[in-house]
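Here are a few exercises to work through with the model open on your screen. Try each task before you read its solution.

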Amino acid sequence: MRKLMYLALLGILLSQGNLSAQEFTRQDTLRGSVTPERAWWDLVYYDLDIQVDPDARTIAGKNTIYYTVLSPKQVMQIDLQEPMEIEAFVQDGKKLTYIREGNVYFVQLEKNQRIGDLNALEVSYGGVPVVSTNPPWSGGITWSTDSNGKPFIANSNQGDGASLWWPCKDHMYDEPDSMQISVRVPQPLMNISNGRLRKVVEHPDNTRTFQWYVDNPINNYGVNISIADYAQFGEIYQGEKGPLTLDYFVLRENLEKAKEHFKDAPKMMRAFEYWFGPYPFYEDGFKLIEVPYLGMEHQSAVTYGNKYQKGYLGKDFSGTGWGMTFDYIIIHEAGHEWFANNITYKDIADMWIHESFTTYSEGLFVDYHYGKQAGNEYLIGARQVIQNDKPIIGIYDLNQRGSGDMYFKGANILHTLRHWINDDEKWRQMLRLMNREFYHSTTTTQEVENFLIRESGLPLGPFFDQYLRTADIPTLEWKTENGKLAYRWTETVEGFYMPIRLVQEETIHTLHVLNEWQVTDRVDPQVPFELDPNMYIFEKNTR
Ligand SMILES: [Zn+2]
């Protein structure tokens with residue numbers, strides 16, 4: 001019961017990835033794969049310019065898409081989900097024709113697309129976007145109000161896609177190098193988006209346009225609009241790359257609470273810069289923005305709705321108490337700045353790259369502030385929510401994520417790896433190097449695996465096959481054979497190898513365990529011993 005309660009809290013049962021293979025449609029393929037109509041052009045810049053009308057609950061405006069031509073094709077795929085509608089595609093002043101297939105528009109370009117050219121396509125659109133029924137897990141817009149009755153509006157669209165509310169290349173493999181986001185809203189509302197505020201333009205009809213500029217590549221689900229009558233405060237954080245602005249936007253009614261509660265933000269920055277290297281978006285600053293849902297890792301504009309409580313809405317996944325030493329949403333969502341926004345999956349099947357490293361970062365936050373033993377306890381305790389129901393990696397090219405175990409099991413896979421490597425400084429330098437080597441890029445499981453294999457110097461191929469591609473947990477089977485300890489791995493993939501430390505009478509022994517039985521006379525099977533609890537494995541005594 002408890003386990004189920006926690007899972008429901010985490011919302012990870014709500015992934016819409018439970019279709020069997022034959023139920024996938026052409027729309028899934030168009031959404032989830034790098035189609036020929038996407039592959040030939042490379043995103044350079046989005047200039048998104050929209051008006052949000054809280055009364056009519058509409059969004060309308062224009063996105064100008066700048067791109068370079070990689071190969072000379074004339075048909076371009078642009079995504080915008082129903083019921084939103086494209087009004088026109090225009091290139092060089094000429095209105096273009098298109099063929100529509102559900103949420104996808106195939107635009108027929110007239111101008112010759114020559115390799116290397118920088119071109120722009122203006123897409124004007126509008127409509128009543130889908131309302132999220134369960135933000136942030138179901139995509140859409142949330143139209144809420146604050147306690148003064150003023151509009152309190154936000155977007156959430158990971159998985160379902162940014163094309164729920166604006167037209168774009170809705171696939172994660174390609175990001176623009178930078179982006180401008182202009183949002184017009186009625187007075188006295190503000191719109192907070194990603195990056196830095198360039199200007200505010202006042203219009204005669206009692207509306208204002210907030211123009212934000214993102215100076216770095218940004219993934220499309222990270223693009224943020226948060227609209228409310230916000231109060232604002234902030235601080236300058238002295239970080240690894242110099243002064244960094246931390247800006248906070250909260251409902252007026254919560255300002256005093258937030259000033260106390262958001263002290264977790266600089267604590268977060270201190271711990272994560274230590275473990276992962278400099279915050280990846282100094283140019284864009286860091287913001288926490290209150291929203292009417294739990295939270296999301298919108299790049300440089302982390303949204304917050306944990307109700308100013310410690311833990312996850314006041315709960316501790318680990319059951320150890322360490323989860324109550326921090327605000328889960330501030331720590332977790334900000335951890336995504338390194339793993340999701342800096343290092344981004346190309347395909348949502350590889351979402352563990354975001355969630356496993358970020359959930360693991362919670363343990364490193366505890367480790368940094370309360371010591372290694374505390375961090376260990378937090379991650380080990382959180383195993384109570386692991387399900388081992390299906391593989392962590394999802395299905396490629398169909399926009400299908402894998403098991404919700406990508407959170408706490410994924411964190412424990414990395415925790416296990418740290419303890420296999422057994423050299424904390426080396427491990428920290430690996431995590432820092434990873435953030436430099438994959439800086440501002442999109443990537444795959446294979447590339448991450450290759451990096452970890454190269455940097456650790458360990459034969460981790462079967463280790464990742466086991467933990468990411470099956471739902472089975474390596475089980476250390478042991479028995480007494482002629483008075484000696486015999487041991488092997490079971491429930492493992494072919495070639496699985498991982499050493500295990502065990503403690504017997506205060507002596508630490510390392511066993512190099514394989515799938516085949518081995519025997520040692522260093523450990524007496526008649527005397528109690530303890531396996532290293534940091535390794536996420538099962539144990540079976542078949543004596
Ligand atoms: Zn997350």
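**Exercise 1: a bridge within a helix**

Is Glu425 buried, partly exposed or exposed? Keep in mind that this is a predicted model. Then work out how Glu425 and Arg428 are placed relative to each other.

Solution. Start with accessibility: Glu425 has a relative accessible area of 38%. Buried needs under 20% and exposed needs over 50%, so Glu425 comes out as partly exposed. Its partner Arg428 has 12%, which makes Arg428 buried. Next, check the contact: the two side chains meet in a salt bridge, 3.2 Å from N to O. Finally, look at the backbone: both sit in helix H10 (residues 424-437), three residues apart, so about one helical turn separates them. Arg428 has another contact too, lying over the face of Tyr274 at 4.0 Å from the ring centre.

**Exercise 2: the zinc site**

Find the protein donors of the zinc ion and decide what geometry the site has.

Solution. First, list the donors: His332 (NE2), His336 (NE2) and two OE atoms of Glu355, lying 2.0 to 2.7 Å from the zinc ion. Along the chain they follow the spacing H-x3-H-x18-E. His332 is in helix H6 and Glu355 in helix H7, 23 residues apart, so this pair links distant parts of the chain. Now the angles: among the four donor atoms they run from 54 to 154°. A tetrahedral call needs all angles between 85 and 135 degrees, and the site is classed as irregular. For reference, the ideal angle for four tetrahedral donors is 109.5 degrees. As a last step, check burial: His332 is buried at 2% relative accessibility, and Glu355 is buried at 2% as well.

**Exercise 3: two aromatic pairs**

Classify the ring pairs Tyr230 with Phe249 and Phe339 with Phe357.

Solution. The model has a count of 45 aromatic pairs. For Tyr230 and Phe249, the centres are 6.3 Å apart and the planes stand at 70°, so call this pair edge-to-face. Tyr230 belongs to strand S16 (residues 230-239) and Phe249 to strand S17 (residues 242-251), so the contact ties together parts 19 residues apart in sequence. Both Tyr230 and Phe249 are buried.

Phe339 and Phe357 go the other way: with 4.7 Å between centres and 15° between planes, they are stacked. Phe339 lies in the loop between helix H6 (328-335) and strand S21 (343-345), while Phe357 lies in helix H7 (residues 352-370), 18 residues away. Phe339 and Phe357 are buried too.

**Exercise 4: bridges across the sequence**

Which parts of the chain do the salt bridges Lys111 with Asp92 and Asp264 with Lys310 tie together?

Solution. The salt bridge count is 28. In one of them, the closest N and O atoms of Lys111 and Asp92 are 3.3 Å apart. Lys111 is in the loop between strands S7 (104-108) and S8 (118-127), and Asp92 is in the loop between strands S4 (85-91) and S5 (94-95), so parts 19 residues apart are joined. Lys111 is partly exposed at 31%, whereas Asp92 is exposed at 57%.

For Asp264 and Lys310, the closest N and O atoms are 3.1 Å apart. Asp264 lies in helix H5 (residues 264-276) and Lys310 in the loop between strand S20 (302-304) and H6, so this bridge ties together parts 46 residues apart. Asp264 is buried at 3%, while Lys310 is partly exposed at 31%.

Conventions. Residues are numbered from 1 along each chain as its sequence is written. This is a predicted model: local features need pLDDT of at least 70, side-chain atom pairs count only at pLDDT 80 or more; totals for chains, interfaces and linings use all residues. Side-chain values use heavy atoms; hydrogens and water are left out. Rings of Phe, Tyr and Trp (its six-membered ring) pair if their centres lie within 6.5 Å; planes under 30 degrees apart count as stacked, over 60 as edge-to-face and the rest as tilted. Helices (H or I, at least four residues) and strands (E, at least two) are DSSP runs, numbered from the N terminus. Buried means under 20% relative accessible area, exposed over 50%, partly exposed in between (1.4 Å probe, protein chains only). A charge sits over a ring if NZ of Lys or CZ of Arg is within 6 Å of the ring centre and within 35 degrees of the ring normal. Donors are N, O and S atoms within 2.8 Å of the metal (3.2 Å for Na, K and Ca); water is not among the atoms, so sites may look incomplete. Four donors count as tetrahedral if all angles lie between 85 and 135 degrees; four count as square planar and six as octahedral if opposite donors are over 155 degrees apart and all others between 65 and 115; anything else is irregular. A salt bridge is a side-chain nitrogen of Lys or Arg within 4 Å of a carboxyl oxygen of Asp or Glu.
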